[in-house]
Amino acid sequence: MTGLTTHVLDTALGQPASEMKIDLYRLHGEKRDFIKTVYTNDDGRVDGGPIIAGNDLEVGQYELVFHAGEYLRRSGATLTEPAFLEDIPLRFAIADVTAHYHVPLLLSAHAYSTYRGS
């Protein structure tokens, strides 16, 4: 598989984070070009294969914005107002458009982590 994929795991609940809104942008210096919005399914993944692939994928900088606050409120997490984590922007680079870039998010109400997965 080539292209960009993601998934979200709620580490506090020990389960996939379903129905989380995620926005994808391509970055050009200070300019952000919106590409699309996707939502996670019951498995915490995005249906339909890669979020972006093929001719739509370019070498460069990208940003995934995970709308964590909305998800955390729905999941019943105890949050302050404003929430400590609301929107989580993850910036990363794609250097090889023929490769698979998997950028998952591990989330709780007060922490998150990411890595380049397989």
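This section describes the sheets, the helix packing, the nonpolar core and selected side-chain contacts of a predicted model.

One sheet in the model is open and has four strands in the order β5-β4-β6-β7, with antiparallel pairing. Its edge strands are β5, residues 31-39, and β7, and each of these pairs on one side only. From one strand to the next, the twist averages 25°. Within this sheet, β4 and β6 are joined in the antiparallel sense by six bridges. In this pairing, Tyr25 stands opposite Glu63 in β6. Helix α1 packs on the sheet and touches β4, β6 and β7. The direction of α1 makes an angle of about 25° with that of β6.

Another open sheet is also built from four strands, in the order β3-β2-β9-β10, and here the pairing is mixed. The edge positions are taken by β3 (15-16) and β10 (111-114), each pairing on one side only. Helix α1, residues 68-75, packs on this sheet as well, with contacts to β2, β3 and β9 (105-108). The angle between the direction of α1 and that of β9 is about 50°.

The pairings of this mixed sheet can be followed strand by strand. Strand β2, residues 8-10, pairs with β3 in the antiparallel sense over two bridges, and Asp10 has Gln15 in β3 as its bridge partner. Strands β2 and β9 run parallel and are joined by three bridges. Leu9 has Leu106 in β9 as its bridge partner. Leu106 in turn has Ser113 in β10 as a bridge partner. Strands β9 and β10 run antiparallel, with four bridges between them. These two strands form a hairpin in which two residues lie between them.

The largest nonpolar core contains 27 residues. The residues with the most contacts inside this core are Leu4, Val8, Leu64, Phe66, Ile88 and Leu107. Two or more core residues come from each of β4 (21-28), β6, α1, β7 and β9. Strand β7 supplies the largest share, four residues. The surroundings of Phe66 were examined further. Leaving aside residues up to four places away in sequence, Phe66 touches Thr6, Val8, Met20, Lys21, Ile22, Glu86, Asp87, Ile88, Leu90, Val103 and Leu105.

A search for aromatic pairs across the whole structure returned two. Tyr25 and Phe34 form an edge-to-face pair, with 5.7 Å from centre to centre and 70° between the planes. The partners differ in their burial class: Tyr25 counts as buried because its relative accessibility is 14%, below the 20% limit for that class, whereas Phe34, at 48%, counts as partly exposed. The other pair consists of Tyr62 and Phe92, whose ring centres are 6.2 Å apart. The planes of these two rings lie at 20°, so the pair is stacked; planes under 30 degrees apart fall in that class. The stacked pair links distant parts of the chain, with Tyr62 in strand β6 (residues 60-67) and Phe92 in strand β7 (residues 87-94), 30 residues apart. Tyr62 and Phe92 are both buried.

Arginine side chains are also found over aromatic rings. Arg32 lies over the face of Tyr25, at a distance of 3.8 Å from the ring centre. Tyr25 thus has a place in several of the contacts described, including the edge-to-face pair with Phe34 and the position opposite Glu63 in β6. At another site, the charged end of Arg116 sits over the ring of Tyr101, 3.8 Å from the centre of that ring.

Ser118 lies in the segment that follows β10. The relative accessible area of Ser118 is 83%, so this residue is exposed, the limit for that class being over 50%. Ser118 nevertheless touches His100 and His102, when residues up to four places away in sequence are not counted. Between Ser118 and Phe84, which are 34 residues apart along the chain, the C-alpha separation is 29 Å.

Key. Residues numbered from 1 in each chain as written. Predicted model: local features only at pLDDT ≥ 70, side-chain atom pairs only at ≥ 80, totals over all residues. Heavy atoms only, no water. Pairing = 2+ DSSP bridges. Contact = heavy atoms within 4.5 Å. Axes fitted to C-alpha atoms, helices over the stretch in contact; angles between N-to-C directions. Phe/Tyr/Trp six-rings, centres within 6.5 Å; stacked < 30°, edge-to-face > 60°. Buried < 20%, exposed > 50% of the residue type's maximum accessible area, 1.4 Å probe, protein only. Lys NZ or Arg CZ within 6 Å of the ring centre and 35° of its normal. Core = buried A, V, L, I, M, F, W, Y, C linked by side-chain atoms within 4.5 Å.
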